[in-house]
Amino acid sequence: MPDDQQLWGYAEVAEHLGITIGAARSRKSRGTLPAPDDESVPDRPRWKPRTFSNWKSRGQGYRSDLAARSPDETSTD
């Protein structure tokens with residue numbers, strides 16, 4: 001099937017983005033994936049691969065566990 005006719009479901013989107021299928025579903029429900037190209041089947045959105053070619057996911061959230069801690073926070077006294 002030519003790329004312009006192929007449609008991706010959650011499994012293909014998740015693989016492309018390097019996330020789980022559950023995470024892809026969650027991102028869709030939060031509106032952080034691009035709008036599906038085909039919603040003709042309820043609960044089975046489909047995207048054209050080219051929809052993701054120029055799409056950039058939103059930045060990740062603040063990771064407080066990676067932030068530098070002050071000396072007072074790391075003290076074990």
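## Exercises on a predicted model

In this predicted model, Tyr10, Ala11, Ala14 and Leu17 of helix H1 are in contact with Ile21, Ala24, Arg25, Arg27 and Lys28 of helix H2.

**Exercise 1.** Work out which classes of residue form the contact of H1 with H2, and how the two helices are oriented.

*Solution.* Sorting the residues of this contact by class gives 6 nonpolar, no polar and 3 charged residues. Turning to the geometry, helix H1, which covers residues 10-17, packs against H2 at an angle of about 100°, and their axes are 8 Å apart. Because angles of 65 to 115 degrees count as roughly perpendicular, H1 is roughly perpendicular to H2.

**Exercise 2.** Find which residues make up the largest nonpolar core, and which helix gives the most to this core.

*Solution.* The largest nonpolar core has 8 residues in all, namely Trp8, Tyr10, Val13, Ala14, Ala24, Leu33, Trp47 and Phe52. Helix H1 gives the most to this core, with 3 residues. Looking at Phe52, and leaving aside its neighbours within four places in sequence, we find contacts with Trp8, Val13, His16, Leu17, Leu33, Pro34 and Trp47.

**Exercise 3.** Explain what the salt bridge between Glu39 and Lys28 ties together, and decide whether Glu39 is buried or exposed.

*Solution.* The side chains of Glu39 and Lys28 form a salt bridge, with an N to O distance of 3.9 Å. Glu39 lies in the loop between helix H2 (21-30) and helix H3 (71-74), whereas Lys28 belongs to helix H2, so the pair ties together parts that are 11 residues apart in sequence. Glu39 has a relative accessible area of 54% and is therefore exposed, while Lys28, at 27%, is partly exposed.

Methods:
Residues numbered from 1 in each chain as written. Predicted model: local features only at pLDDT ≥ 70, side-chain atom pairs only at ≥ 80, totals over all residues. Heavy atoms only, no water. Salt bridge = Lys/Arg side-chain N within 4 Å of Asp/Glu carboxyl O. Helix = DSSP H or I, 4+ residues; strand = E, 2+ residues; numbered from the N terminus. Buried < 20%, exposed > 50% of the residue type's maximum accessible area, 1.4 Å probe, protein only. Axes fitted to C-alpha atoms, helices over the stretch in contact; angles between N-to-C directions. Parallel < 35°, antiparallel > 145°, perpendicular 65-115°, else oblique. Contact = heavy atoms within 4.5 Å. Nonpolar A, V, L, I, M, F, W, Y, C, P; charged D, E, K, R; others polar. Core = buried A, V, L, I, M, F, W, Y, C linked by side-chain atoms within 4.5 Å.
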